[in-house]
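Visitor: I am new here. Please show me the structure and walk me through it.

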Amino acid sequence: MENKSVKRVVVVGGGFAGINLVKTLSKDERFIVTLVDINNYHFFPPLLYQVATAFIEPSNISYPFRRLFQKKKNQRFFMGTLTSVNPAAKTIETDNGTLGYDYLVLCVGTEPNYFGLENVRRAALPMKTINDSLSMRNHLLMTMEKAVRATSKDERDRLLNIVIAGGGPTGVEIAGMLAELGRNVAVKEYPEIESFQAHIHLVDSGGELLGPMSTTAQKEALRVLTRLGVHVRLNVAVKDYVDHEVVLADGGRIPTDMLIWTSGVIGREIPGLPKESIGRGRRVLVDQFSEVNAVPDVFALGDIAMQTADVKYPNGHPQLAQVAIQGGQALAKNLIRRESGREQKPFRYHDKGSMAIISKFKAVADLPKFSFKGFFAWVIWLFIHIIPLIGFRNKVKLAFSWLASFITNDPTLRLIIGVRTTKENKEGL
Ligand SMILES: Cc1cc2nc3c(=O)[nH]c(=O)nc-3n(C[C@H](O)[C@H](O)[C@H](O)COP(=O)(O)OP(=O)(O)OC[C@H]3O[C@@H](n4cnc5c(N)ncnc54)[C@H](O)[C@@H]3O)c2cc1C
């Protein structure tokens, strides 16, 4: 029989926010928590670009939810895609059925924003999910094979050109990694191709790389990438993609079959929430306790949420992992306080700083009080990206993969493995 005193918490999205909320609630059996996600695994977005460039395996940065919930009496996993919420009935709809809740927590994150550029949306390679990074890996390796077979210089140049739209941390990190791949690996493996120089273009509409970071970090990123042979094009936006060419706002064109999109994000749509609760960038407006404005018992966290009550962040928190992690933990503690009849605490984000890796042995770091760069920043970056990974085995595997790859400059993951459906396999497609 259903125990009415146990509160049903439905958490949609098992990213940083969702997983930290669930973990913090795990010891309190006054709650039964159901985590809903499209995938059956949690993954670590900051290292997607290393999967996309065949540097590490996807399993290094992913972890199955059901393994995480082993031996947890009050945790359930439900695989499904949220299709709508119904706050009046206190239910959600998914592609796999309806779920009822006492508290609903929405942490579905964001999706790429193509700013209405339809041709770009169709052609570009985004980097938001494990599938995106594997598609990019396959596309990169397939394009290299085509470049080997190209019959003219123009065709080969087009196939070798890579355009990265967006000079934020992800754009910078992938540009650096691709440049290293060209220098250290491609020259050895594609003897048919004379030169890999001058084929990576990093385009940003702003005046500097790493927009939200310090001037030290911005200058270092520009210096290192330029030295690696990356063409950095600032103050110009990608406007279109036509006939295998990226069209720039200044009229310039870059022939390419590989446009990587790291240019912006927009909140995922959540049908059923009132229009008044949706703000800029399609983020869900929440109060200081992360409760959705005008929708009681429904909360939003992480990238999807917009909280303007934190005095230091009147325009909302930055869309960063630490905001989601701290937000998930804070909401779990508030739900416990609520159940105990205690006063809730407003969520305040504590900035621990930000980092970006630019190339092998070089990174930049902005801590709240000072910035630094170079080898030391790179070592710290490695540690900081291992610690939050879920699962001890994943931490060890990643550390080992990095050690092997950085020493040899030659990971062996450059495999074109496409996922075929059972039907395709049977029909031999
Ligand atoms: C390539 C990349 C690099 C990044 N690098 C950094 C970095 O170096 N440092 C940093 O601080 N931040 C970085 N970020 C940002 C950071 O990853 C996000 O701020 C953080 O992941 C937000 O956490 P979240 O829980 O809100 O959302 P997410 O981590 O995006 O999780 C959303 C979850 O919701 C699930 N989901 C989505 N839609 C549905 C649906 N309809 N139904 C059910 N489930 C759904 C997804 O499968 C996913 O598990 C990076 C992001 C990307 C994409």
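**Strands, helices and a ligand**

Guide: 4 bridges join β24 (residues 362-366) to β25, and the two strands run antiparallel. Strands (E, at least two residues) and helices (H or I, at least four) are DSSP runs, numbered from the N terminus. Two strands pair if DSSP finds at least two bridges between them. This is a predicted model, where local features need pLDDT of at least 70 and side-chain atom pairs count only at pLDDT 80 or more, while totals for chains, interfaces and linings use all residues. Residues are numbered from 1 along each chain as its sequence is written, and side-chain values use heavy atoms, leaving out hydrogens and water.

Visitor: Which residue stands opposite Ala363?

Guide: Look across to β25 for the partner. The residue opposite Ala363 is Gly374.

Visitor: In what order do the 3 strands of the open sheet stand?

Guide: The pairing in this sheet is antiparallel. β23 (354-359) and β25 (371-374) each have a single partner strand, so one side of each is left without a neighbour in the sheet. From one strand to the next, the twist averages 10°. The order is β23-β24-β25.

Visitor: Which helix lies across β23, β24 and β25?

Guide: Its direction makes about 100° with β25. Axes are lines fitted to C-alpha atoms, for helices over the stretch in contact (heavy atoms within 4.5 Å). Angles run from 0 to 180 degrees between N-to-C directions. The helix, residues 375-386, is α10.

Visitor: With which side chain does the side chain of Ser214 make a polar contact?

Guide: Ser214 sits in the loop between β13 (200-203) and α8 (215-227). Leaving out residues up to four places away in sequence, Ser214 touches Asp366 and Ser371. A polar contact is a pair of N or O atoms within 3.5 Å; within protein, one must be able to donate a hydrogen and the other to accept it, and residues adjacent in sequence count only if both atoms are side-chain atoms. At 3.4 Å, the partner is Ser371.

Visitor: Is Ser214 buried or exposed?

Guide: Buried means under 20% relative accessible area, exposed over 50%, partly exposed in between (1.4 Å probe, protein chains only). Ser214 has 18% relative accessibility, so Ser214 counts as buried.

Visitor: Which strands stand at the edges of the 5-strand sheet?

Guide: The open sheet runs in the order β11-β18-β12-β13-β14, with parallel pairing. Within this sheet, β13 and β14 share 3 bridges, and Val203 has Arg233 as its bridge partner in β14. An edge strand pairs on one side only, and here these are β11 (125-126) and β14 (231-233).

Visitor: At what angle does α7 run to β13?

Guide: Helix α7 covers residues 169-189. The helix lies across β12 (162-165), β13 and β18 (259-261). To β13, the angle is about 170°.

Visitor: Which backbone oxygen lies 2.8 Å from a polar atom of the Asn161 side chain?

Guide: Asn161 is in the loop between α6 (153-160) and β12. With a relative accessible area of 8%, Asn161 is buried. Among the residues that Asn161 touches, not counting those up to four places away in sequence, are His199, Ile254 and Pro255. The oxygen belongs to Pro255.

Visitor: Which residue in the turn between β6 and β7 has a positive phi?

Guide: Strands β6 (residues 82-86) and β7 (residues 91-94) run antiparallel, joined by 4 bridges. They form a hairpin with 4 residues between them. With a phi of about 55°, the residue is Lys90.

Visitor: How many residues link β7 to β8 in the hairpin?

Guide: β7 and β8 (residues 97-100) pair in the antiparallel sense over 4 bridges. Glu93 stands opposite Thr98 in β8. The number of residues in the hairpin link is 2.

Visitor: What is the relative accessibility of Phe65?

Guide: Phe65 lies in helix α3 (residues 65-68). Among the residues that Phe65 touches, beyond those up to four places away in sequence, are Gly14, Asp37 and Phe77. Phe65 counts as buried, at a relative accessibility of 0%.

Visitor: How much of the ligand's accessible area does the protein cover?

Guide: A backbone N or O atom of Phe16 lies 3.2 Å from an oxygen atom of the ligand. The ligand has 1000 Å² of accessible area on its own (Shrake-Rupley method, 1.4 Å probe). The covered share is 88%.
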